[in-house]
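The following note sets out, point by point, what can be read from the structure shown below. It is meant to be read with the coordinates open.

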Amino acid sequence: MVAGAYVPTWADVRLEDGRGINALVFVANPTHPLHEPDSDIARIASIISQASGEIGPNSDYVRKLQSSLLDYDMQDPYVDALVEELDRLDAA
């Protein structure tokens, strides 16, 4: 978010129990020079596996995200698929 890749935005969201709330969400900035419009798992995992920043590898961030979601009994199928593909790439 610091680099401008995401834009914090307030949005109305619906929870699993049907309640509606206003939540802070982070939306990808399509005008950012590093934005990748192709969200295919293999494409994104390939980019993530090669990306690193000041605080470490991007693959670590994705794995920590998955772990944090699970800590709150939450699951994101897209994140799970990314981790699965990252694991596959690491094993290759």
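1. Contacts along the chain. Among the contacts in the chain with a separation of 6 or more, 34% are made by residues 24 or more positions apart. The model under review is a predicted one, and the values that follow are to be read accordingly.

2. Overall architecture. The chain contains three helices and four strands. Read from the N terminus, these elements follow the order β-β-α-β-β-α-α. The C-alpha trace spans about 45 × 30 × 25 Å along its principal axes.

3. Surface and burial. The chain has 92 residues, of which 17% count as buried. Its accessible surface comes to about 7100 Å², and carbon and sulfur atoms contribute 56% of that area.

4. The N-terminal hairpin. Strand β1, covering residues 6–14, pairs with strand β2, covering residues 20–28. The pairing is antiparallel and extends over nine bridges. Within this ladder, aspartate 12 has asparagine 22 of β2 as its bridge partner. Five residues lie between the two strands, and in this hairpin glycine 18 adopts a positive phi near 95°.

5. A nonpolar surface patch. Which residues make up the nonpolar patch on the surface? They are Tyr6, Trp10, Leu24 and Phe26, which together present about 480 Å² of accessible area. Both strands of the hairpin take part, since β1 and β2 each supply at least two residues of the patch. As general background, side chains in a regular strand alternate between the two faces of the sheet.

6. Tyrosine 6 in particular. This member of the patch is found in strand β1. Is tyrosine 6 buried, partly exposed or exposed? Its relative accessible area is 44%, so tyrosine 6 counts as partly exposed, the class that lies between the limits of 20% and 50%.

7. Serine 59. Helix α2 comprises residues 58–71, and serine 59 has its place there. Serine 59 counts as buried because its relative accessibility is 11%, and the class requires a value under 20%. When residues up to four places away in sequence are left aside, serine 59 touches Ile48 and Leu86.

8. Salt bridges in general. How many salt bridges does a search of the whole structure find? The search finds five. Side chains of opposite charge can pair when their charged atoms come close. Individual cases are taken up in the next points.

9. Arginine 43 and glutamate 36. These two residues form a salt bridge in which the closest N and O atoms are 3.0 Å apart. Arginine 43 is partly exposed, at a relative accessible area of 36%. Glutamate 36 is likewise partly exposed, with a value of 25%.

10. Arginine 63 and aspartate 87. The side chains of these residues meet in a salt bridge, with an N to O distance of 2.7 Å. The pair links distant parts of the chain: arginine 63 belongs to helix α2 and aspartate 87 to helix α3 (residues 77–91), with their positions 24 residues apart in the count. Arginine 63 has a relative accessible area of 23% and is therefore partly exposed; aspartate 87, at 39% relative accessibility, is also classed as partly exposed. A network of salt bridges links Arg63, Asp87 and Asp90.

11. Arginine 88 and glutamate 85. A further salt bridge joins arginine 88 to glutamate 85, the closest N and O atoms being 2.7 Å apart. Both residues lie in helix α3 and are three residues apart, which is about one turn of the helix. The two partners fall into separate accessibility classes: arginine 88 is partly exposed at 46%, whereas glutamate 85 is buried at 15%. The figure for glutamate 85 places this residue in the buried class because that class takes values under 20%.

12. Proline 33. The loop between β2 and α1 (41–50) contains proline 33. Is proline 33 buried or exposed? Proline 33 is exposed, because its relative accessible area is 75% and the class begins over 50%. The C-alpha atom of proline 33 is separated by 23 Å from that of leucine 86, a residue 53 positions away along the chain.

Key:
Residues numbered from 1 in each chain as written. Predicted model: local features only at pLDDT ≥ 70, side-chain atom pairs only at ≥ 80, totals over all residues. Heavy atoms only, no water. Pairing = 2+ DSSP bridges. Patch = residues over 30% accessible without salt bridge, like charges linked within 9 Å, V, L, I, M, F, W, Y side chains within 5 Å. Areas by Shrake-Rupley, 256 points an atom, 1.4 Å probe, with all protein chains shown as cover. Salt bridge = Lys/Arg side-chain N within 4 Å of Asp/Glu carboxyl O. Buried < 20%, exposed > 50% of the residue type's maximum accessible area, 1.4 Å probe, protein only. Contact = heavy atoms within 4.5 Å.
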